[in-house]
Amino acid sequence: EAEEELHRRQRIFAEAQERYYEHPPQIERGWRHHLIDTTGRSYIDMVNNVAGLGHAHPGVARAAARQLGSLATNSRFLFRGLAEYSERLVALMPEGSGLDTVLLVNSGSEAVDLAIHLAQAATGRRTVIALREAYHGWTMASDAVTTSAYDNPDALGTRPDWVHVADVPNPFRGTYRGDDTAAQYLVDLSSDLDVLAAEGRDPAAFLCESILGNAGGVVLPHGYLAGAYDRVRESGGLCIADEVQVGFGRMGSSFWGFEQSGVVPDIVTIAKPMGNGYPIGAVITSRRIADALSAQGQFFSSAGGSTLSCAVGLAVLDAMVEDDLQRNALAVGDHLAEQLRTLAQRHPLIGPIHGAGLYLGVELVRDHETMEPADAEAAAICERMRELGVIVLTTSERSNVLKIKPPLCLTIQSADHVVGMLDRVLSEGW
Ligand code: PMP
């Protein structure tokens, strides 16, 4: 049945439409951090960061059904829940941050596009600095700042001139290997800023994730984000934190990724887990920056901030608190990272373990000195893990990092089971 469904999909989809696995299972339903396919087979889902609360959350399902059965309208009207949802989102920002204004959209890509619009409108400048190896989305502007060769291979030829790509401060490989204070990186960023100034292209914004998601979940070097933000602000630019993947409780020890670095951005983009599967995105910024958008006309999104998205969004926020998910992300994430590090001592294929909370990356390398990516091995391991009932997939430009970003309700028992399965697969002869 899955094969038949795959043929139907392939006949009607473009080749470029990404899919997981050569022969994906046909998923029928989900429950918490489990997926069940049409043959009744159950899998532990280690990658779905959209269903942050877990699949089929009853509170969210009830709220959505209730709303769909009563009223469907948009944010140009007044309805109960619109201001409340917006207030609750803003209240998630650190106290005194000045991030007090929200614009509601439907996806991460849209949020990134809007953040870029805002920064350009507020500064009267065009240039946006993005880091190499990043993924920020698929709409025109978010794609332009998507610098990963894997996701945007043609970008070097077609990238618009308002994007400046800065090197990525990865202390594990590349230009800045071993520099865990990002000292040289910050020197280079300063000279990039000098060059841009000399060309009359001072930045409107500096945009990055608070953990290098697409580079494999690499935690930013100590002091890097603060140093970069200082330099960009000295040059008159704004700082955008893309929290689509890493924010919203996943870090465990903080609600937002940027809090790990002790900084406050000017503009924050959020999406994925906000609707637990229903599409919701948002940009949170200060009133001053948000008001700069007036120069571009009136802003409106048909479904962003609709009755349904507010109802679902509120139910998600309630459930995050009721289920204590941020704390679970910390406890289970720390435990999992520790187990993986122990496993690494017995399996030389495992290189550095990246990430924080329930956003982890297990980098597989053939040689710890050269950091040669074990990409074929990573792909084979994912296939074998799936046979054993665990959905784990690869990320990074080199496709050699096992990405671990499960629903935040993952249990210690399931985490241990996954580590046990990985141990078994790695023992099978790599
Ligand atoms: N920013 C980041 C950091 C992302 O990971 C993604 C999605 N993977 C996006 C933006 C785009 O989000 P969406 O797919 O909802 O458009």
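How far apart do the C-alpha centres of domain 1 and domain 2 lie? They lie 25 Å apart. Keep in mind that this is a predicted model. Here's a quick tour, starting with the two domains, then moving to the ligand, one helix and a single tyrosine.

**The two domains**

- The chain splits into domain 1, made of residues 2–53 plus 324–427, and domain 2, which covers 61–322.
- Where they touch, 27 residues of domain 1 are in contact with 30 residues of domain 2.
- On the domain 1 side of that contact, at least two residues each come from helix 11 (325–346), strand 13 (350–356), strand 14 (359–367) and strand 18 (401–404).
- Helix 11 chips in the most there, with five residues.
- Sorted by class, this side of domain 1 has 14 nonpolar residues, ten polar ones and three charged ones.

**Around the ligand**

- Look for the ligand and you'll find 14 residues surrounding it, with S107, G108, S109, G137 and V244 the closest.
- Helix 4 (residues 108–123) supplies the largest share of this shell, namely three residues.
- As for the make-up of the shell, four residues are nonpolar, seven are polar and three are charged.

**Helix 3, one side in and one side out**

- Helix 3 runs over residues 82–90, and its Y85, S86 and L89 are buried.
- Looking down the axis of helix 3, you'd see its buried residues fall within an arc of 95 degrees, so they line one face of the helix.
- A bit of background helps here: an α-helix has 3.6 residues a turn, so residues three or four places apart point the same way.
- Flip to the other side of helix 3 and you meet A83 and E87, which are exposed.
- So what covers the buried residues of helix 3? The cover includes strand 4 (101–105), strand 12 (281–285) and helix 10 (307–322).

**A look at Y20**

- You'll find Y20 in the loop that links helix 1 (2–12) to strand 1 (27–31).
- Is Y20 buried or exposed? Y20 is exposed, because it has 12 other C-beta atoms within 10 Å, and a residue counts as exposed with 12 or fewer.
- Y20 and I211 are 191 residues apart along the chain, and their C-alpha atoms are separated by 23 Å.

Terms used: Residues are numbered from 1 along each chain as its sequence is written. This is a predicted model: local features need pLDDT of at least 70, side-chain atom pairs count only at pLDDT 80 or more; totals for chains, interfaces and linings use all residues. A residue is near a molecule or strand if its C-beta atom, placed from the backbone, lies within 6 Å of it. Helices (H or I, at least four residues) and strands (E, at least two) are DSSP runs, numbered from the N terminus. Ala, Val, Leu, Ile, Met, Phe, Trp, Tyr, Cys and Pro count as nonpolar, Asp, Glu, Lys and Arg as charged, and the others, Gly among them, as polar. A residue is buried if 20 or more other C-beta atoms lie within 10 Å of its own, exposed if 12 or fewer, and partly exposed in between; C-beta atoms are placed from the backbone. The arc is that of the directions from the helix axis to the C-beta atoms. Two residues are in contact if their C-beta atoms, placed from the backbone, lie within 7 Å. Domain bounds come from an automatic or database domain assignment.
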